[in-house]
Amino acid sequence: RKDPSIFSRITRRTAKLCNAVNKNTLVFFTSYGMMGKMRPFMERDIKRPMYWEYSGQPKRTMEELAQFKNGRDGVFFSVMGGSVAEGMDFPGDELSLAIIIGIPYPPPSLEGSALSEMYDLRFGRGSGWKYVSEAPATRKIKQAIGRLIRTETDRGMCVILDKRASRYASDLDATATKDPIADAKKFFGKD
C-alpha cells in the first residue's frame with residue numbers, strides 16, 4: 001500500500017503542473033483506479049477545463065476528447081495503454097504538455113512470473129524482469145510521450161512523476177529535474 005504522503009505530494013505536484021501553463025495538457029495514469037482516486041483532488045485544485053477518459057464508455061470518452069482538442073487550455077485525464085495513450089494524434093497546439101504519473105509495470109500474475117523465470121533460466125538472472133516488466137512499461141511510456149510530437153513542427157514537454165523513471169532516462173532521452181514546475185514555466189515562456 002502506498003504511503004499517503006507520497007500520494008498527497010504527487011497529487012499536489014500534478015495540480016501545480018497543470019496550473020503552471022495554459023496549454024492543452026494530457027495527464028496519464030497507470031490505471032483507472034489511480035485516476036479515480038486522484039480525481040476529486042484534481043477537480044478541487046486544477047483551475048482549468050477538465051476532461052476524462054471513461055473505462056468501457058468509448059462514446060463518452062470521444063465526446064470529452066473532442067471538446068479537449070477544440071480548446072487550447074484544457075486538461076485531459078487518461079490511462080497509459082488505453083486508446084487515447086496509444087491511438088490518438090494531437091498535432092500542433094492540440095497537446096503541449098504530457099504528465100505521466102507512475103511507471104506502468106504490468107500487474108503481477110502467475111503467467112508473468114512463469115515467463116520471467118523462463119527468461120531468467122534461458123538468458124540469465126534479471127532477464128525476466130527486463131523482458132516481462134521493464135520492456136512493456138517503457139513501451140507504454142514511449143507511446144504516451146509520442147502523443148506530444150506528431151509532426152516535425154510540434155513542440156512539447158513531458159514530465160514523468162516517478163523517481164524510478166531515472167532508470168529509463170537514456171531509453172527515453174530524458175533529463176532529471178528537481179523542479180518540473182519551474183521547468184514547464186520556462187519551457188512555455190511563463191514566469
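A pocket is taken here as an open set of grid points with protein on both sides within 12 Å along at least five of seven lines. In this predicted model, the largest pocket holds about 1,300 Å³ of space. Its lining runs to 32 residues, and those nearest the centre are Ile160, Leu161, Asp162, Lys163 and Thr177. Sorted by class, the lining of the largest pocket splits into 17 nonpolar, 11 charged and 4 polar residues. Four elements each put at least two residues into this lining: helix H1 (4-20), strand E5 (157-161), helix H7 (169-172) and helix H8 (180-187). Of the lining, H1 gives the largest share, with 6 residues.

Next comes the nonpolar interior. The largest nonpolar core counts 27 residues, and Val27, Phe29, Phe77, Ile99 and Ile101 are the ones that touch the most other members. Two or more residues of this core come from each of H1, strand E1 (25-29), helix H2 (32-45), strand E3 (75-79), strand E4 (97-101), E5 and H8. Here, too, H1 turns up with the largest share, this time 5 residues of the core. Apart from this core sits another one, of 24 residues, with Phe76, Met88, Leu95 and Ile160 among them. Ile160 has thus come up twice, once in that other core and once among the residues nearest the centre of the largest pocket.

Val27 gives a good look at the surroundings of one core residue. Leaving aside residues up to four places away in sequence, Val27 touches Thr14 and Cys18, then Val75, Phe76, Phe77 and Ser78, and finally Ile99 and Ile101. Phe77, Ile99 and Ile101 on that list are, like Val27, among the core residues that touch the most other members.

H8, which helps line the largest pocket, also has buried residues: Pro180, Ile181 and Ala184. These three lie on the same side of H8, because the arc they cover around the axis is only 105°. Just past the end of H8, Gly189 adopts a positive phi of about 75°.

Helix H3 (residues 58-70) is home to Thr61 and also to Leu65. Thr61 is buried, because its relative accessibility is 2%, under the 20% cut-off. Leu65 comes in at 3% relative accessibility and so counts as buried as well. With residues up to four places away in sequence left out, Thr61 touches Trp52, Glu53, Tyr54, Phe76 and Val84. Under the same exclusion, the contacts of Leu65 are Phe76, Val84, Met88 and Phe90. Phe76 and Val84 appear on the list for Thr61 and again on the one for Leu65. As for Met88, this residue is 23 residues from Leu65 in sequence, and the two C-alpha atoms are 9.7 Å apart in space. Both Phe76 and Met88 belong to the 24-residue core.

Lys140, in helix H6 (residues 127-146), is another case. Its relative accessibility is 24%, so Lys140 counts as partly exposed, a class that lies between the 20% and 50% cut-offs. Beyond its neighbours up to four places away in sequence, Lys140 touches Gly81, Glu86 and Pro104. Glu86 is 54 residues from Lys140 along the chain, yet the C-alpha atoms of the pair are separated by 7.9 Å.

Technical notes: Residues numbered from 1 in each chain as written. Predicted model: local features only at pLDDT ≥ 70, side-chain atom pairs only at ≥ 80, totals over all residues. Heavy atoms only, no water. Buried < 20%, exposed > 50% of the residue type's maximum accessible area, 1.4 Å probe, protein only. Contact = heavy atoms within 4.5 Å. 1 Å grid on protein atoms, 1.4 Å probe; cavity = no way out; pocket = protein on both sides within 12 Å on 5 of 7 lines; lining within 4 Å. Points joined across faces, edges and corners; volume = space filled by probe spheres on them. Nonpolar A, V, L, I, M, F, W, Y, C, P; charged D, E, K, R; others polar. Core = buried A, V, L, I, M, F, W, Y, C linked by side-chain atoms within 4.5 Å. Arc of directions from axis to C-beta.
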